[in-house]
Amino acid sequence: MSDSYSGSPPEQNVPLGVILLLCEIVISIGISAMVKQISGDVSFFLIMFYRYLASLPLLLLLGWHQRKANLLHVGQVKTLIVRIIMGTIGLSAWFNAVTHLPLSVATVLAQTMAIFITLMAPFFLGEKVGPRRLSAVLLGFVGVFFLINPLAESSSVWGIGLAFGLAAPFFGAVMFIFLRKLGRTEAPISTSLWYNIIGTVLFLVLALADGPLIPQKLTDNHFVWFILIFIGMASSIQQFLMAKSHQLASVTVLAPFHYAAVPMSIFIGILFFNEVITLPFLFGTSVIICSTWYIFQREKLQKTDNDN
């Protein structure tokens with residue numbers, strides 16, 4: 001058997017692709033809410049360790065089913081290393097963002113990933129970014145200004161949270177750029193396995209350095225341990241649903257549905273965390289969504305022109 005990845009794309013099924021993406025978004029918001037809920041009882045390193053560890057069994061089974069003995073073969077090693085580093089930093093920043101910020105605010109800030117991708121495209125992908133998309137980028141950051149509402153009395157407590165909230169989409173954008181490069185020649189399941197294996201080893205070391213893997217005060221708290229394992233298992237399902245949805249439907253079709261995360265996070269934030277939705281928040285959210293949507297439309301138009 002050849003080591004190269006030669007998987008053919010499956011037949012397009014737009015309705016199923018949309019459904020799988022929406023399920024992925026629901027799981028993603030659910031995971032974030034659980035991390036926020038248990039962050040006061042479990043250290044960050046433990047949360048990350050069990051998230052990576054518990055995601056491995058399902059991914060290994062899927063990898064063996066798809067690639068057998070080649071499940072860990074990847075040709076672009078250097079690109080994979082950058083993807084792993086950026087993905088690990090991005091996920092760490094995201095979990096800290098939902099811990100320090102309202103869930104709704106962290107979710108909206110995550111939508112700025114398209115803005116960061118646009119800023120970095122000339123450097124990593126050699127793409128030309130015109131004045132219209134640059135204007136949309138500036139507009140997006142105006143939306144961030146209104147979203148965080150620095151003139152409000154409570155804004156001072158958002159310092160570290162805001163840093164994490166912007167770091168998550170920034171490093172996520174770099175990760176997706178390199179993930180796009182990997183996707184041209186490598187099997188997604190193999191890159192995902194390496195990412196989660198390295199993450200497990202890294203946070204095992206950090207968790208052991210920080211304290212015991214099973215803290216004494218949580219020995220009898222079966223609910224927290226259930227949540228930790230569930231976060232990991234749900235993360236592996238989330239990764240599969242994300243990859244599968246983009247196989248069944250194009251990015252063009254799926255892009256608008258990513259914004260469904262915003263109302264979902266607002267609903268969960270109000271229901272479980274007593275978050276308050278203000279007018280500056282709604283205005284900033286609208287500006288960010290409009291900005292990223294315009295960037296997407298310009299990229300789609302540019303791609304159409306290049307194809308012609």
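**Exercise 1. Find which residues of the largest nonpolar core touch the most other members.**

Solution. Start with the core itself: it has 55 residues. Within it, Phe-95 and Leu-228 are the ones that touch the most other members. Keep in mind that you're looking at a predicted model. Next, zoom in on Leu-228 and skip anything up to four places away in sequence: what's left is Ile-38, Val-42, Leu-46, Ile-47 and Tyr-50. There is also a second, separate core, made of 9 residues, with Met-86, Ile-117, Ala-173 and Ile-177 among them.

**Exercise 2. Describe the secondary structure and the burial of the protein chain.**

Solution. First, count the elements: you get 12 helices and 0 strands. Reading from the N terminus, then, you meet one α after another. Now for burial: 44% of the 308 residues count as buried. On the outside, the chain exposes about 15,500 Å², and carbon and sulfur atoms supply 70% of that. Finally, take the contacts between residues at least 6 apart in sequence: 88% of them join residues at least 24 apart.

**Exercise 3. Work out how α1 and α11 meet, and which residues make the contact.**

Solution. Locate the two helices: α1 covers residues 14-38 and α11 covers residues 261-273. Their axes come within 10 Å and cross at roughly 35°. As for handedness, the crossing is right-handed. On the α1 side, the contact is made by Leu-22, Ile-25, Val-26, Ile-29, Ala-33, Lys-36 and Gln-37. On the α11 side, look for Ala-261, Met-264, Ser-265, Ile-268 and Phe-273. Sort these contact residues by type and you get 9 nonpolar, 2 polar and 1 charged.

**Exercise 4. Decide whether Gln-111 is buried or exposed, and list what it touches.**

Solution. Begin with its place: Gln-111 sits in the loop between α4 (103-110) and α5 (113-124). Its relative accessible area is 14%. Buried means under 20%, so Gln-111 is buried. Leaving out neighbours within four places in sequence, Gln-111 is in contact with His-258, Tyr-259, Ala-261, Val-262, Ile-288 and Thr-292.

**Exercise 5. Do the same for Thr-99, then find its separation from Ser-39.**

Solution. Thr-99 belongs to helix α3, residues 77-100. With a relative accessible area of 31%, Thr-99 is partly exposed. Apart from residues up to four places away in sequence, Thr-99 touches Val-35, Lys-36 and Ser-39. Last step: Thr-99 and Ser-39 are 60 residues apart along the chain, yet their C-alpha atoms are separated by 6.6 Å.

Technical notes
Residues numbered from 1 in each chain as written. Predicted model: local features only at pLDDT ≥ 70, side-chain atom pairs only at ≥ 80, totals over all residues. Heavy atoms only, no water. Axes fitted to C-alpha atoms, helices over the stretch in contact; angles between N-to-C directions. Helix = DSSP H or I, 4+ residues; strand = E, 2+ residues; numbered from the N terminus. Left-handed = near helix turned anticlockwise from the far one by under 90°. Contact = heavy atoms within 4.5 Å. Nonpolar A, V, L, I, M, F, W, Y, C, P; charged D, E, K, R; others polar. Buried < 20%, exposed > 50% of the residue type's maximum accessible area, 1.4 Å probe, protein only. Areas by Shrake-Rupley, 256 points an atom, 1.4 Å probe, with all protein chains shown as cover. Core = buried A, V, L, I, M, F, W, Y, C linked by side-chain atoms within 4.5 Å.
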